[in-house]
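This report describes selected contacts within and between the chains of a protein model. Please keep the sequence and the structure in view while reading.

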Amino acid sequence: MQKTRHRNIVRLALPVILGLGASSAALAQQVGDKSWTITPSTEFRLFTWESTRRFPTTGVVTRERGTQTNIPFAIQLKGQPSTDFKFDVTARTGFTTSSISNAGASSSYAGTTDTSLSGTANYLGFAGFQPFLSLALNLPTGRSNLKSSANSKGDSDLVMLPVFGEGFNIGPTIGVNVPINENWAGSFGVGYTNRGTFDREGPALGIPPTQKLNPGDVLTGTASLSYRGQQLSLKASIAYSTESTTRLDNVDYYKSGDRVVLQLAAGYGFTENWSAKAQASFSHFAANKIQNAFGLPPISTEAFNSNSNLFKINGGVTYAANGYSIGPVVGFLYRDRNGYDPTTFQFVSAKKSWTAGLAASYQPTSMIQLSARVEHLWAFEDSGPDKAPFGIPIPGSAPPSVRTNGWQASASGLIKF
Amino acid sequence: MPALKHALGIAAIAGTLAFATALPAAAQAACPAGRTLAGTCANAAQMDDLRLTTIIFAQPKISFSAPPLLPQQDGDYSVPRDRGEVWANHHYHRPGGFAFGP
């Protein structure tokens with residue numbers, strides 16, 4: 001049933017994207033390739049870390065070590081066959097490895113990631129109103145059921161890839177850019193993400209060994225306002241999402257609360273050589289709907305909000321001259337504690353992380369761009385008290401504080417033909 | 001004299017036609033990213049940036065491992081991850097028995 005549905009969606013969606021790509025290529029030949037670019041690009045990413053966990057009431061200390069590599073590669077065809085139409089098609093996939101050892105046990109994974117195919121068509125013929133239509137697909141070429149490698153996933157706040165594969169997802173977006181004048185412009189859009197079922201490994205005890213998870217679909221509305229001047233550029237964006245119910249083995253599992261994401265970005269060029277940029281994001285979820293205390297449906301709104309608010313900021317200063325650029329980069333992440341009492345099992349404590357490092361790029365010609373980046377990471381997660389269901393403390397059940405030190409590095413190349 | 005008038009007339013018509021046909025071509029060349037409400041040329045980099053921002057923000061969960069971006073764009077266009085979903089949908093266990101999430 002599910003496979004038939006996937007096949008039908010692929011039958012409908014793939015021709016749209018491949019057709020867009022084929023017609024783009026054909027148009028490129030007609031126009032003499034002047035207004036078209038093909039951009040292959042790749043990046044090598046490495047993240048290695050060590051976490052120390054201190055359990056407050058027992059005094060036990062454990063150390064976790066992990067390394068993750070990720071090599072995404074993509075190719076993009078982008079062009080404007082006439083004044084009024086602009087198209088782009090992007091295909092991306094990748095390869096990843098992840099290994100984690102903790103308390104004498106270890107787990108590792110190596111394999112491909114999922115593959116995305118996306119295309120956008122824009123109409124530029126109206127003054128001050130530029131509608132566009134986009135379609136993105138996630139093809140399940142990665143692995144969602146990791147079996148014996150299940151413990152190789154890292155902390156989603158820290159690692160590059162916390163998930164190595166999902167189901168077949170299809171995401172159409174309709175939007176419009178509104179250029180107001182030479183400096184100011186807005187953009188508005190609505191997107192729907194239909195997410196397909198995937199297999200995952202069963203719970204820790206392995207019963208059942210495999211589960212079918214059908215994640216909720218997502219409907220999102222978004223708006224952005226942008227200013228670009230001679231030296232200063234600013235952008236503010238907001239998105240509001242609502243999700244349908246996620247089902248596990250054909251039973252209602254949970255429904256994510258509605259979500260708001262805010263983002264501010266700014267850039268400033270001090271001189272011809274010196275510039276700075278920064279970006280801040282905030283994410284808030286309303287309370288989820290969850291199964292009852294016995295893990296059974298129907299789902300209902302949880303007593304307190306199990307989600308945390310997330311605040312993230314990063315930025316850097318760049319010196320650029322003669323095709324080279326280099327400068328320091330910094331980042332900060334704060335995830336606040338969730339809404340549950342610290343003595344409950346649903347409680348998740350606050351976390352902070354900082355990064356600092358250096359980023360550089362070299363552009364030998366207008367077609368080629370090479371970049372590299374290296375950063376150190378420090379993270380700290382608070383501990384908590386012993387759990388006390390029904391008011392009775394369970395000795396030794398307190399979650400540990402977690403202190404993490406790590407390095408992340410990347411090197412990338414991009415060529416425009 | 002009639003010949004000169006005739007020639008000037010032809011030149012005027014040809015000039016008008018050339019101007020009329022050149023105008024859209026000039027407009028095309030001048031405004032590759034379209035026109036603003038104020039009638040000036042839109043900023044191409046600003047239009048591309050806004051369009052990509054809208055698409056990525058409108059598809060916050062299209063793909064964890066292969067977002068529809070060039071790898072070099074990930075940092076500028078990422079949407080904060082939903083940690084609760086990672087824990088609930090994909091399990092998150094530490095080797096050695098330490099576990100998070102439901």
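Which backbone atom of A:Ser306 lies 3.2 Å from a polar atom of the side chain of A:Asn338? In this predicted model, the atom in question is the backbone oxygen of A:Ser306.

## The surroundings of A:Asn338

A:Asn338 is placed in the loop between strands E20 and E21 of chain A, the latter covering residues 351-365. With a relative accessible area of 2%, A:Asn338 is buried; the cut-off for this class is under 20%. A second backbone atom also faces the side chain of A:Asn338: the backbone nitrogen of A:Tyr340 lies 3.3 Å from a polar atom of that side chain.

Leaving aside residues up to four places away in sequence, A:Asn338 touches A:Asn305, A:Ser306, A:Asn307 and A:Ser308, and also A:Gln346, A:Phe347 and A:Val348. For A:Val348, a distance between C-alpha atoms is available: 5.6 Å separates the C-alpha atom of A:Val348 from that of A:Asn338, although the two residues are 10 residues apart along the chain.

## The disulfide of chain B

A disulfide is a covalent bond between the sulfur atoms of two cysteines. Over all chains, the count comes to 1 disulfide. It joins B:Cys31 to B:Cys41, with 1.9 Å from S to S. Both cysteines lie in the loop between helix H1 (2-30) and helix H2 (44-58) of chain B, so the disulfide ties together parts that are 10 residues apart in sequence.

The torsion about the S-S bond of B:Cys31 and B:Cys41 is about -75°, and the disulfide is therefore left-handed. The two cysteines fall into separate accessibility classes: B:Cys31 is buried, at 4% relative accessible area, whereas B:Cys41 is partly exposed, at 28%.

## Salt bridges within chain A

Over all chains, the count of salt bridges comes to 25. One of them pairs the side chains of A:Arg335 and A:Asp157, with 2.6 Å from N to O. A:Arg335 belongs to strand E20 (residues 324-335) and A:Asp157 to the loop between strand E6 (130-139) and strand E7 (169-179), so this pair ties together parts of chain A that are 178 residues apart in sequence. Both partners are buried, A:Arg335 at 5% relative accessibility and A:Asp157 with a relative accessible area of 12%.

A further salt bridge brings together the side chains of A:Glu243 and A:Arg195, at 3.6 Å from N to O. Because A:Glu243 lies in strand E12 (residues 232-243) and A:Arg195 in strand E8 (residues 184-195), the pair ties together parts of chain A that are 48 residues apart in sequence. A:Glu243 counts as buried at 7% relative accessibility, and A:Arg195 counts as buried at 2%.

## A partly exposed pair and a network

In the salt bridge of A:Lys212 with A:Asp199, the closest N and O atoms are 2.8 Å apart. A:Lys212 lies in strand E10 (residues 210-214) and A:Asp199 in strand E9 (residues 198-201), so the pair ties together parts of chain A that are 13 residues apart in sequence. Here both residues count as partly exposed, A:Lys212 at 47% relative accessibility and A:Asp199 at 29%.

Some salt bridges share partners. In this way A:Asp155, A:Asp157, A:Arg335, A:Lys351, A:Glu381 and B:Arg83 are joined into one network.

## The interface of chains A and B

The size of an interface is often given as the accessible area lost when the parts come together. Chain A and chain B bury about 7,300 Å² between them, and 52% of this area is on carbon and sulfur atoms. The contact takes 118 residues from chain A and 64 residues from chain B.

Across this interface there are 10 salt bridges. B:Asp49 forms a salt bridge with A:Arg228, with the closest N and O atoms 3.6 Å apart. The interface also has 45 residue pairs in polar contact, counting pairs with both residues at pLDDT 80 or more. On the side of chain A that touches chain B, strand E8 of chain A gives the most, with 11 residues. By class, that side has 45 nonpolar, 51 polar and 22 charged residues.

Notes:
Residues are numbered from 1 along each chain as its sequence is written. Chains are lettered from A and ligands numbered from 1 in the order in which they are written. This is a predicted model: local features need pLDDT of at least 70, side-chain atom pairs count only at pLDDT 80 or more; totals for chains, interfaces and linings use all residues. Side-chain values use heavy atoms; hydrogens and water are left out. A disulfide is a pair of cysteine sulfur atoms within 2.5 Å. Helices (H or I, at least four residues) and strands (E, at least two) are DSSP runs, numbered from the N terminus. Buried means under 20% relative accessible area, exposed over 50%, partly exposed in between (1.4 Å probe, protein chains only). A salt bridge is a side-chain nitrogen of Lys or Arg within 4 Å of a carboxyl oxygen of Asp or Glu. Contact means heavy atoms within 4.5 Å. Buried area is the accessible area (1.4 Å probe) that two parts lose on being put together, summed over both. A polar contact is a pair of N or O atoms within 3.5 Å; within protein, one must be able to donate a hydrogen and the other to accept it, and residues adjacent in sequence count only if both atoms are side-chain atoms. Ala, Val, Leu, Ile, Met, Phe, Trp, Tyr, Cys and Pro count as nonpolar, Asp, Glu, Lys and Arg as charged, and the others, Gly among them, as polar.
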